[in-house]
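Dear colleague,

I am handing over the structure below, since you will be working with it and have not seen it before. My notes on what was found in it follow directly after.

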Amino acid sequence: MLYMVHMQVNIPATLPRSEADRLKAEEKAYAQKLQQDGTWRHLWRIAGQYANYSVFDVAGNDALHEVLSSLPLYPYMAISVTPLAQHPSAIAAN
Ligand SMILES: O=C(O)C[C@H]1C=CC(=O)O1
């Protein structure tokens with residue numbers, strides 16, 4: 001199943017820079033692994049925001065929750081999820 005996910009990152013100013021940098025590096029490595037294995041299909045920065053729109057391809061709600069809650073930056077994210085269905089006028093099979 002495909003899900004569009006909006007992630008807004010809110011790292012508190014009280015978190016030490018070294019810890020924030022470590023979490024960002026771990027997040028990048030994990031995000032790239034998930035892109036390589038096809039789970040994280042799209043990752044787009046929202047211009048002007050520390051936020052992204054992503055598309056995930058996972059088995060269902062529980063699998064999506066497992067992936068999202070495993071993200072290193074998860075404790076500092078506000079996440080919203082939109083399930084996607086096929087559009088009858090789409091010419092591409094997704
Ligand atoms: O930067 C972000 O949007 C948050 C998160 C998503 C991928 C990644 O590397 O960090």
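Arg22 and Glu19 lie three residues apart in helix α1, which means that about one helical turn separates them. In this predicted model, the two form a salt bridge in which the closest N and O atoms are 2.8 Å apart. Arg22 has a relative accessibility of 39% and therefore counts as partly exposed, since that class runs between 20% and 50%. Glu19, with a relative accessible area of 25%, is partly exposed as well.

Arg22 also meets Glu26 through its side chain, in a salt bridge with an N to O distance of 2.5 Å. These two residues again belong to helix α1, where they are four residues apart, or about one turn of the helix. Glu26 is partly exposed, its relative accessibility being 36%.

A further salt bridge links Asp37 with Lys33, and here the closest N and O atoms are 3.8 Å apart, a distance that falls within the 4 Å allowed for such a pair. Asp37 is partly exposed, with a relative accessible area of 44%, and Lys33 is likewise partly exposed, at 46%. As for how the pairs combine, Glu19, Arg22 and Glu26 are joined into one network by salt bridges that share partners. Searching the whole structure gives four salt bridges, among them the ones described above. As general background, side chains of opposite charge can pair when their charged atoms come close.

Turning to the interior, the largest nonpolar core consists of 18 residues, and those with the most contacts inside it are Val5, Met7, Trp40, Phe56, Leu64 and Leu68. The elements that contribute two or more residues to this core are β1 (2-9), α1 (17-36) and α2 (61-69). Helix α1 thus appears in both parts of this account, as it gives residues to the core and also holds Arg22 and Glu26.

Which residues does Val5 touch, leaving aside those up to four places away in sequence? Its contacts are Asn52, Tyr53, Ser54, Phe56, Leu64, Leu68, Ile79, Ser80 and Val81. Of these, Phe56, Leu64 and Leu68 are also listed among the core residues with the most contacts.

Finally, a word on confidence, which you may wish to keep in view while reading the rest. The protein has an average pLDDT of 97, and 100% of the residues score at least 70. For the complex, the predictor gives an ipTM of 0.97 together with a pTM of 0.95.

With best regards

Terms used:
Residues numbered from 1 in each chain as written. Predicted model: local features only at pLDDT ≥ 70, side-chain atom pairs only at ≥ 80, totals over all residues. Heavy atoms only, no water. Core = buried A, V, L, I, M, F, W, Y, C linked by side-chain atoms within 4.5 Å. Buried < 20%, exposed > 50% of the residue type's maximum accessible area, 1.4 Å probe, protein only. Contact = heavy atoms within 4.5 Å. pLDDT = per-residue confidence, 0-100.
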